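Here is a protein chain to explore together. Take a moment to look it over, and then we will work through some questions side by side.

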Amino acid sequence: MVFQQGPDTQTGLMKMMFMAGFLVALFGLGALLSSGPSIGALIALPAGAGLVTASIRLRNAALGQQLYRAVRPADPTAVLALWGGLAGLIALGALFGWLFDTAGSVLIVAVWPILVAWYRRRRTALQVDSSGVNVGGVLVPWTDVAEIVVSDPRAGQQIHVGARLHSRAPVQVVAQHQGFDLAKLTAMVAKQGPQGVRVVVTGPR
């Protein structure tokens, strides 16, 4: 008998990989901030970061079977806030460790995931999953959705995406042209949405 891993098992393995990598990277970062460069820290930090990166890629691949996400055009302010926040956290962590003679990396562990989640929400233009449609941060349940409307991706560099609703005004945002996949969006709406909801392409064909 061949054992097949179900979604719960795969999710558990990805979480274990993420936590293992996160703890190893945390150890390396803590050693680097408290004691300076060492062989252990210089090995642990990239090894842990590699495990975390691999687990995130596996998670994204699994999520790709459950949802479709299109992003907004590049936002330099958000990128600056994300990486500037990381630099600030590292500086504060070093100061925290120096003042209190402890691992300042705890501060990074606590705040960095919040920054990453904020950045992901800010970049999301459209997300379609089992709960409904998220258009620019506005979550619309499937029961309210009449159509998903997309401007023709071949008509320009930016794509207008939105939803026509049964009981309120439509919602619409601009999505980044690069990486936008109309076929995947259509397939995900057919998979997750109720019968009758479809993707409508507007503009010149």
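The questions and answers below walk through this predicted model, from the overall fold to single residues.

Q: How many helices and strands does the protein chain have?
A: Let's start with the order of the elements along the sequence. The chain follows the pattern α-α-β-α-α-β-β-β-β-β-β-α-β. Put into totals, the secondary structure comes to 5 helices and 8 strands.

Q: What share of the residues in the protein chain is buried?
A: A residue counts as buried when its relative accessible area is under 20%. The protein chain has 205 residues, and the buried share of them is 34%.

Q: What share of the contacts with a separation of 6 or more comes from residues 24 or more positions apart?
A: Here we look at how the chain meets itself. One example of residues far apart in sequence is Asp181 and Tyr68, which are 113 residues apart along the chain but have C-alpha atoms separated by 9.0 Å. Among contacts with a separation of 6 or more, residues 24 or more positions apart account for 60%.

Q: In which order do the 4 strands of the open sheet lie?
A: Begin at the edges, where each strand pairs on one side only: these are E7 (171-176) and E8. E7 pairs with E6 (residues 158-165) in the antiparallel sense over 6 bridges, and in that pairing Ala163 has Val171 as its bridge partner. The pairing in the sheet as a whole is mixed, and the order is E7-E6-E5-E8.

Q: Which residues of helix H5 are buried?
A: An α-helix has 3.6 residues a turn, so residues three or four places apart point the same way. In H5 (residues 182-192), the buried residues are Leu185, Met188, Val189 and Gln192. They cover an arc of only 100 degrees around the axis, which puts them on the same side of H5. To name them once more, they are Leu185, Met188, Val189 and Gln192.

Q: Which exposed residues does the other face of H5 carry?
A: Now turn the helix around and look at the face directed away from the buried side. Exposed here calls for over 50% relative accessible area. The residues on that face are Ala183, Ala190 and Lys191.

Q: Which strands do the buried residues of H5 pack against?
A: A good clue is the placement of the helix: H5 lies across E5 and E8, running at about 150 degrees to E8. The packing of its buried residues also takes in two other strands, E1 and E2. Together the partners are E1 (68-71), E2 (124-129), E5 (145-151) and E8 (198-202).

Q: Which residue caps the N-terminal end of H5?
A: Look in the loop between E7 and H5, where Asp181 lies. A side-chain oxygen of this residue is 3.1 Å from the backbone nitrogen of Ala183, and a polar atom of its side chain is 3.0 Å from the backbone nitrogen of Lys184. The cap is Asp181.

Q: Is Gln127 buried or exposed?
A: Gln127 is found in strand E2. Its side chain makes a polar contact with the side chain of Asp129 at 3.2 Å, and residues it touches include Leu67, Tyr68 and Arg69. The cut-off is under 20%. Because its relative accessibility is 16%, Gln127 counts as buried.

Q: What is the bridge partner of Gln127 in E3?
A: E2 and E3 (residues 132-135) pair in the antiparallel sense over 4 bridges. A hairpin joins these two strands through 2 residues. Within E3, the partner of Gln127 is Asn134.

Q: Which residue in the turn between E3 and E4 has a positive phi?
A: E3 and E4 (residues 138-141) run antiparallel and are joined by 4 bridges, with Val135 standing opposite Val138. The two strands form a hairpin with 2 residues between them. The residue with a positive phi, about 60 degrees, is Gly136.

Q: Which side chain makes a polar contact with the side chain of Thr124?
A: Thr124 sits in strand E2 and is buried, with a relative accessible area of 6%. A polar atom of its side chain lies 2.8 Å from the backbone oxygen of Arg120. For a side-chain partner, look to the residue at 2.8 Å, which is Arg69.

Notes: Residues are numbered from 1 along each chain as its sequence is written. This is a predicted model: local features need pLDDT of at least 70, side-chain atom pairs count only at pLDDT 80 or more; totals for chains, interfaces and linings use all residues. Side-chain values use heavy atoms; hydrogens and water are left out. Buried means under 20% relative accessible area, exposed over 50%, partly exposed in between (1.4 Å probe, protein chains only). The arc is that of the directions from the helix axis to the C-beta atoms. Contact means heavy atoms within 4.5 Å. A polar contact is a pair of N or O atoms within 3.5 Å; within protein, one must be able to donate a hydrogen and the other to accept it, and residues adjacent in sequence count only if both atoms are side-chain atoms. Two strands pair if DSSP finds at least two bridges between them. Axes are lines fitted to C-alpha atoms, for helices over the stretch in contact, and angles run from 0 to 180 degrees between N-to-C directions.
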